[in-house]
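Q: I am new to this structure. Please take a close look at one part of it, the open sheet, and then show me what surrounds that part.

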Amino acid sequence: MYKVEDCKIVNLPKIHNDAGNITVLENNKNIPFDIKRIYYLYDVPMGADRGGHGHYALQQYVVAASGSFTFVLDDGVNKREFFLNDPSKALHIQPGIWREIKGFSSGSICFVLASQKYNESDYIRDYVEYLKYKNDTPII
């Protein structure tokens, strides 16, 4: 079972020239999993929070494609906040971590690369159930 310390900001490759920057992401090259799903959050109202769930198996790379927001990660014992505002950096979220997203700036876009297709049975949507799962699962 992963801990919040196992989740980290990753520098993505950034190729710069006078016409602008480009970042290229490839399965199992600069992303440590095969991308099975891509989605993005946008037009999130000021003051709204997102997330509020965990996953049993899903890994994610999260990028602030535009604007900024904060991820609050929780492993049932420790919490850690990650402020994202740079499209050349990704937050790698490991499986078994509770996540909440807050503080969306105006015009922000939260771009997510996921290791699995959508599967409702992989979600833990109740925090009490999440804590029970974490207490019953050994930490790796």
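A: Here is the sheet, followed by the loops, the cysteines and the chain as a whole.

This is a predicted model. Start with the sheet itself. It is open and has five strands. Their order is E1-E9-E6-E11-E4. The pairing is antiparallel. Strand E1 covers residues 8–11 and lies at one edge. Strand E4 covers 37–42 and is also an edge strand. Each of these two pairs on one side only. Neighbouring strands in the sheet are turned against each other by 30° on average, with direction ignored.

Now look at one pair within the sheet. Strand E6 runs over residues 60–66, and strand E9 over residues 89–93. The two pair in the antiparallel sense over four bridges. One residue pair can be named here: Gln60 has Ile93, in E9, as its bridge partner.

Follow the chain out of E6 next. The loop between E6 and strand E7 (69–74) holds Ser68. Ser68 has a relative accessible area of 13%. Ser68 therefore counts as buried, since the cut-off is under 20%. What does Ser68 touch, leaving aside its neighbours within four places in sequence? Its contacts are Phe83, Leu84, Asn85, Gly103, Phe104, Ser105 and Ser108.

The edge strand E4 has loops to look at too. Before it comes the loop between strand E3 (20–22) and E4, where Asn28 lies. After it comes the loop between E4 and strand E5 (50–55), where Asp43 is placed. Both loops contain a residue with an unusual backbone angle to check. Most residues other than glycine have a negative phi. Asn28 is not a glycine, yet its phi is positive, at about 55°. Asp43 is not a glycine either, and its phi is also positive, at about 55°. Is Asp43 buried or exposed? Asp43 is exposed, because its relative accessible area is 67% and the cut-off is over 50%.

Turn to the cysteines. How many disulfides are there? The count is zero. A bond would need two cysteine sulfur atoms within 2.5 Å. The sulfur of Cys7 has its closest cysteine sulfur in Cys110, 14 Å away, so the two are too far apart for a bond. Seen from the other side, Cys110 is in no disulfide, with the sulfur of Cys7 as its nearest cysteine sulfur. Cys7 is buried, at 0% relative accessibility. Cys110 is buried as well, with a relative accessible area of 1%.

Last, step back to the whole protein chain. It has one helix and 12 strands. Along the sequence, the pattern is β-β-β-β-β-β-β-β-β-β-β-β-α. The C-alpha trace spans about 55 × 35 × 25 Å along its principal axes. The radius of gyration is 15 Å. A compact globule of 140 residues would have a value near 14 Å, so the chain agrees with that. Of the 140 residues, 39% are buried. The chain exposes about 7,900 Å², and carbon and sulfur atoms supply 50% of that area. Contacts reach along the sequence, too. Among those between residues at least 6 apart, 78% join residues at least 24 apart.

Notes:
Residues numbered from 1 in each chain as written. Predicted model: local features only at pLDDT ≥ 70, side-chain atom pairs only at ≥ 80, totals over all residues. Heavy atoms only, no water. Pairing = 2+ DSSP bridges. Axes fitted to C-alpha atoms, helices over the stretch in contact; angles between N-to-C directions. Buried < 20%, exposed > 50% of the residue type's maximum accessible area, 1.4 Å probe, protein only. Rg over C-alpha atoms; globule rule 2.2 N^0.38 Å. Contact = heavy atoms within 4.5 Å. Areas by Shrake-Rupley, 256 points an atom, 1.4 Å probe, with all protein chains shown as cover.
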